[in-house]
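Thanks for coming. I will go through one structure today, starting with a sheet and then turning to a single residue. Please have the display open.

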Amino acid sequence: MRATAALLCLTLLACAGEICEIHYPGESGPVTFGLPLQAGVLHSTDQLTLNGQVLQARSNGCWPDGSLKWLLLDATLPQGFRGILQSSPAASSATTPAPLARANQLSNGRLQLTIPASGPLFTYALGDDQGSAELVLKLQHDAPGATQEENWLLDAGESRNCSDFTSQADSSREIQLEENGPLRASCRIAGWFTAADGRKAYRYIVRLTLYRDEDTVKIQTTFINTEDVQQNFLRSLVLRLNRAGVPVPGQLIIGTPRFHHLISWRDKSRPELAGCPGVLTSGSLTAVARDFQRLYPKELCATAQALEYHLWPERSGKVLDLRRREGQRREYLDYRNDAGGMGVAKTHDLFLTWNCPDPERFARRCNRPCLPAASPEYYRSTLAAGEYHLAGNTFPRTEAAIRFAFQYLRKIRRAGQFDGMMDWGDVPLGVHGMSDHMQQRNPEGSPFRGYTGWLNNDLALNHAFYLHFLRSGDQEVLRDGLEITWHVLDVDTVHHWPADPAVIGSGRRHDQQHWGSGISYGYALDSALYMYLLTGEHRALEVVKNSARTAFYGRYINIRLWELTGEQEYLDRAEKHLQADEPFPKAENFRGNSYDSPGYIFYDSIRPNDLLREKVIAAARRLAPRYTSCYAGKGYPPYAVLALAHKYDPSPENAFTLKILLNQLRNYLPVQPEDLAISDTAPMDEFDALNRKVANITNTGVLSLVLLTALPYMLERLQATGISEAEALAFQYSWTEPESFTEELNTAVIKPSAYPQIRTWNYSVANPSFPDWGVDRFLRPEDSPKYYAAIRRYKLYEDGILIGPNKFSHAFSQRNGRIGWSHLGAAISFTTPDNSNPAENGRRYLLQYTSAADWRWQDRPSFEETLTTIYPYPDIATPGQEWCAPLRHESPDPCCIHPAPPEVTARVAAALKRHLFTEDGQALTTWRREQNLIVFQTSDGSDPRQNGRTYRLQYTRGQE
C-alpha cells in the first residue's frame, strides 16, 4: 500500500515552511480531516507540525513526481482553533507516543478494548465499568400483508414464525486494523449473524475507533440484507453492551414514531424532528446515537445489566419491508428488480464516552460534524481536484443560481422531513409541483409514484457538494454532502447479489422505492472517495473499491484509486477504459457527461498522456458543430471534457464552445444576482415561488447536469479566455432558412416510445436541416418570427392526410395518442389517428418542409366535417375553457412566411371568412385552426362531450 501511517510529535522551528492555515469552528475534541497538497511541497509526513501539536498523518496518494497529494490528519483541537500547518525539515526529534493498538487490543492507557476472534464482538474495561458487546438479530418469516408503495415500515403483526441470530455465535469473523496511531486507532470486524444451529443471515461490519485524548469509542455498525426479501423481514436488531460493573438505574429513549415518508410537508399535525434526544447517560457512561430521530425507528435503553442501541426496535411493532412493490403503475426502467432490497445496507454510529462533563456538547459534536479546513484559495491552489473556479463574483448570475440550488435542495429535504432509516439522506427527484413522465403531478413534490421518486444519486449529484465545499468553504454544504453520500453508500448501492456477484458495487436507479428499479446507475463513486479523503471514513473507501470493479461508470474512479493505493489492478482497468472510450464523449449521453466527464479532469491530473489529450481535442471538434449551429440539439453539457479541451488547445473555436455552454444556462439564471437571494429560514412556499419565477428548476437531476457537478471546471476556463458572463449570456444565434425537403419515413426503423403507457412513435429524421424545437430561445429578435413561420411549414402526412399539430408539446399526444406530432431534437415523436403501429399498418408517412422561397399560399377543396372526438385543450386530462378536435380535412394555411405580403394576408382573411363552424347549426365565432386541429369554445361554456350537441365545420373553396 502506498498509503502508510506516520506518527510524530514535533516542535516548531523558526525555519519551518508554512503550508496553510487551518481553521476549526466545531466543538472541542479529537478530529480527523483530509488536506490536499501542491505537487512538490511534501515528500514525507514526518516533517509536519500544527502549532506544535501531536499529529497523526496518513498519506493518501502522490503526485506524478512522488510528492504527497492528500493527507489524512488527526489532532485534538479546541473550538475556534486557528493554526499553521508547517513542514519542518530540521525539526528536532521528539518522543513519539506509542500507537493505540497492539495485537487485538486498543488502549489509550485508561480505556481498553479487546477484540476476540469469536464470542463477544469486543470487550471493554474502564476502571470498575467493564463489559462486552454483541449484535442480536430477529427475522420474521411471515409476510406482513400487502406491500405499500410509499411505505417500508409495515405492522409486524402477531407472527411467531421468527428466527434469532447473533454475532456471538459467529466463529468466522474477520478482524482488520485499519488505523493505528498515537491519536486514533480503528479496527474493522466483519462477519455473519449466526443462529444456534449454524444458519447465517445478514452480514455485519463493525468499526471500533478509539481516541487517545478522550475516553471515547465510536462504534460504527453496518448491516447488509443478504436474504430473500419475500420470506425474511427485519423485526429486531440490537447492539447490546452487557455491563458487569456497578448497577445503574434504567432509562428508555424512543425516537419520534413517524412511520411514513409520504406525508405532505404542509401537514402541521405530525411531530417535528427537533433537538437531539439520542443521548443517554447511565452511571459514568454517556451514549450518543448519531441522527437518532432521523433514522427512525430507533431506541436507546439502559438497565442495570446492559445498554442497548436498538437499530430496529421490536417495540415499534414494525418490520422492514424490502419487497418490490406489486400492482403499482409501472414506469420506464422502474420496478425491474425482482429481488427488491436484497443487498441494501445501513450504517449507524454510536458514540460512547465516560465521565463526560457536558453530554449535550458531546452530542452536538457527534451530530454536527465540522471539519478543520483550509481556505478555498488554498484548496484551489493545490490542483488536487483539478482546475475549477472559486466561488465569487466573477460570474455573479451563475453563482447566484448555484447558491440557490444548494439552498433549495436543503430546504426540500428538511421541509419535507424525508427521514427514516431508509429515506434519510436521499433527495427527491421532483421539485414541488413537478409532473412525472405520464404528466401526473404531486403539488407537494414529495417522492411519489415511479419515476418521480428519489434521486438515488442519479447524475452524480452528491459529487457537487464536495466540490462546492472546496470552492466556497461552506460547511453546511459539506454536511449535506455527507448525509447524501451515506444514503448512496448504504441504500442505493448493491452489497450482496448471489445471482450475479459482478453487480456488487452497482447502483440503484431513482424511483418510488430506493430498491424498486433495476440496477443501472446511481453509483457512490468520487463522492464516496471525497468522503474518505476529507473525513477518513473507511466504509466509504470500502464501497468505492467495489464500485470501481463494476463495468458501469468505473472509468475514472479507477485512476483515482490507483493514485490512492498504488495497486496495479486499478491502473490496468483505467487504461483499458480510456482505450475503449469511443466516441469520447457523446454529448447526448447524460450519464457519460455527469459521471465520466469530471473524471477526465482527474485523469489529466493523475496520469497525463497523449491518448487522453488526443481524444479530448477530437471530442471538442466533434461537439463544436452542436454549438455553432442553432439547429442541432445541444444535449447535456459536457463541461469538463470541453474545459479540458480548451486547456490543451485554447483556440478561438474551443473558447466559443465554452461561451455557448454558459449561454445555454440563461433559462436558469436570474437577471440580477439578488433576484435569487433568500434566507435559509424562509418558508418552503417562498422557495417554491422563487424557483417558479426565476430559477426554473424542474427536477433535482437538472441541477447536477447544468449547474453543480462539473460547471465550475468550465467557468475556470471561461475566465482564462477573458470571456465575461455578460458577453456569454448576451450571445444570440443568427438563423438561416433551410432548404425544402420531403422525407418518407422508413417504417422499419420507427420505434415505440420507451414508456409503455405512452402511445407515441419515434423516428430519427435523416435530413440534416431538421431543426431543434427549442432553438428560438437563442435566436436574434429579428430572426425569431422567421423561425416560427418556418415551423408552421413542417407537415407530417399519413397516406396523404395531415397529422398535426406540431407546435404542441409531445405531452399532449402522450396522454391519448391519436393526435399530433412534435420535435424531439433530431427526431419526431408522432401518433397515428387510430393508435395503430406505423411500422405494421402499411401506411405511408411523409415529413415535408417548404422553405419561404418555395412556399406559395394555396386554397383547399371545399369540405364539410362533423367532429367525432373532442378533447380538453391544451391539457388533454383537465377540462378548461377551450376544446379541440382533430380534422381529416386540410383547410388553407395561415401565412407561413415573415414578413407577410399584403396579398397573402388578404387571401388568408378571405379564406377564414369562408369557414363556418356551428353548434347544433348555430354559428360559433370563438374558434381557430392549428394545422389539422380546430380549437374552440362552446356557446355556454359547457362540456361538448356531454352536452349532446353537434359540432360541424364547413369550408367553401374560393372562386378561381
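Four strands here make up an open sheet, and their order across it is 36-37-41-40, with antiparallel pairing. The edges are taken by strand 36, residues 871–873, and strand 40, residues 927–930. Each of these has a single partner strand, so one side of each has no neighbour in the sheet. On average, neighbouring strands in this sheet are turned by 30° against each other, ignoring direction.

Now to one pair within that sheet. Strand 37, residues 882–886, and strand 41, residues 933–936, run antiparallel and are joined by four bridges. One residue to look for is Trp883, whose bridge partner in strand 41 is Phe936.

I should say that this is a predicted model.

For the protein overall, there are 20 helices and 42 strands. It has 960 residues, and 61% of them count as buried. The accessible surface of the protein is about 35,800 Å², and carbon and sulfur atoms account for 49% of that. If we take contacts between residues at least 6 apart in sequence, 74% join residues at least 24 apart.

Next, the single residue. Thr32 is in strand 3, which covers residues 29–36. Is Thr32 buried or exposed? Its relative accessible area is 16%, and because the cut-off for buried is under 20%, Thr32 counts as buried.

What does the side chain of Thr32 make a polar contact with? One such contact is with the side chain of Asp74, at 2.5 Å. Another is with the side chain of Arg184, at 3.2 Å. Leaving aside neighbours within four places in sequence, Thr32 also has contacts with other residues, including Leu72, Leu371 and Leu534.

Technical notes: Residues are numbered from 1 along each chain as its sequence is written. This is a predicted model: local features need pLDDT of at least 70, side-chain atom pairs count only at pLDDT 80 or more; totals for chains, interfaces and linings use all residues. Side-chain values use heavy atoms; hydrogens and water are left out. Helices (H or I, at least four residues) and strands (E, at least two) are DSSP runs, numbered from the N terminus. Buried means under 20% relative accessible area, exposed over 50%, partly exposed in between (1.4 Å probe, protein chains only). A polar contact is a pair of N or O atoms within 3.5 Å; within protein, one must be able to donate a hydrogen and the other to accept it, and residues adjacent in sequence count only if both atoms are side-chain atoms. Contact means heavy atoms within 4.5 Å. Accessible areas come from the Shrake-Rupley method with a 1.4 Å probe; for residues, only the protein chains shown count as cover. Two strands pair if DSSP finds at least two bridges between them. Axes are lines fitted to C-alpha atoms, for helices over the stretch in contact, and angles run from 0 to 180 degrees between N-to-C directions.
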